Amino acid sequence: MVCPTPGSPAWPQRISIVPNTVFNLASKPYTILAYAAILCILAAISFSGFTELPFDTHDREIALDYPHLSEDPAFFFAQDKASTSGRILDELVMWGAYATWGDNPKYFHLLSISCHVLASLVLALACTKLGCNREWSLIAGLLFLLNVAHIQAIYYISALEYPLTILFVAAAIYHYGAHSQSPSRYRLTAFYALAAASLLGHIAALMLWPFCLCWSICAGRRWRKTLRELVPLLVLFVPVVLLVIETTPTRASTWETADSLSNEEALTLLGHILQTLL
């Protein structure tokens, strides 16, 4: 038995780990609209009680920082802010939300829930662009919406960066998958922009680069073409990461942890990071 080489006719053009069809859903706009409505109904049933919750833990930083920002936008880069996350995208969205409705926790909870629902919807659409059939893609989005492991990311207003970052990551993957199916400069540009924005939401979005590389290789796409698409993103990530580092206050737990580590502990931590990456 001869193993096919990447790029040969015998090499699979997409990853298929599930049956081709289950419910045979029509690929029509109304299918997505109906699916979005189902997600909203399930979210209303599952998370409606969250809108009555008050501010909790780091949520109170909203009422401390954002009044100052409304008076002086330069305070956004101040080292003495109450918020020390350094997650620029999250802080900008929170600032805009505060400017819109003040410090009413109900609307902040609605914002977190809305981002989670949108992330679930876009994730389902992204799965279809990665080669998964429509039925399994919609099931994936549904399971993501109701996964109990995500409860704290929705419960805490201050955890908005998680559903927000996943939303941008899923949108970036959608455009990369669409570009692989039908090459387009617009889709590739959108992929770069959304990937950079997701990195401003959370540093873990760096995983988007190896994920896209791994998927491209497994899907049998040409190495040269793949690297020509992904190397510019790696270059773009460098100034974005530097901006995140520069805007993260020195009081942040990230810096405190880094300063407290010995050389031996740092090497152990690096080993764990590489293990997680694999």
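**Exercise 1.** Is Tyr155 buried, partly exposed or exposed, and what is its relative accessibility?

*Solution.* The model is predicted.
- Step 1: take the relative accessibility of Tyr155, which is 28%.
- Step 2: recall the cut-offs, with buried under 20% and exposed over 50%.
- Step 3: Tyr155 therefore counts as partly exposed.
- Step 4: turn to Tyr156, which at 25% is partly exposed by the cut-offs.

**Exercise 2.** Classify the ring pair of Trp101 and Phe108, then state the burial of each residue.

*Solution.*
- Step 1: the structure holds 9 aromatic pairs.
- Step 2: one of them joins Trp101 and Phe108, with 5.5 Å centre to centre.
- Step 3: the angle between the planes is 80°, and planes over 60 degrees apart count as edge-to-face. The Trp101 and Phe108 pair is edge-to-face.
- Step 4: Phe108 is buried, at 1% relative accessibility. Trp101 is partly exposed, with a relative accessible area of 29%.

**Exercise 3.** Classify the pair of Tyr155 and Tyr156, and place the two residues in their ring cluster.

*Solution.*
- Step 1: the ring centres of Tyr155 and Tyr156 are 4.8 Å apart.
- Step 2: their planes stand at 85°, so this pair is edge-to-face.
- Step 3: ring pairs link Tyr155 and Tyr156 with Phe47 and Phe50 into a cluster.

**Exercise 4.** Describe the lining of the second largest pocket.

*Solution.*
- Step 1: the pocket has a volume of about 420 Å³.
- Step 2: 20 residues line the pocket; Phe144, Tyr162, Thr165, Ile166 and Val169 lie nearest its centre.
- Step 3: helix 4 (105–129), helix 6 (151–155), helix 7 (161–181) and helix 9 (208–218) each give two or more residues.
- Step 4: helix 7 gives the most, with 8 residues.
- Step 5: the lining divides into 15 nonpolar, 4 polar and 1 charged.

Key
Residues numbered from 1 in each chain as written. Predicted model: local features only at pLDDT ≥ 70, side-chain atom pairs only at ≥ 80, totals over all residues. Heavy atoms only, no water. Phe/Tyr/Trp six-rings, centres within 6.5 Å; stacked < 30°, edge-to-face > 60°. Buried < 20%, exposed > 50% of the residue type's maximum accessible area, 1.4 Å probe, protein only. 1 Å grid on protein atoms, 1.4 Å probe; cavity = no way out; pocket = protein on both sides within 12 Å on 5 of 7 lines; lining within 4 Å. Points joined across faces, edges and corners; volume = space filled by probe spheres on them. Helix = DSSP H or I, 4+ residues; strand = E, 2+ residues; numbered from the N terminus. Nonpolar A, V, L, I, M, F, W, Y, C, P; charged D, E, K, R; others polar.
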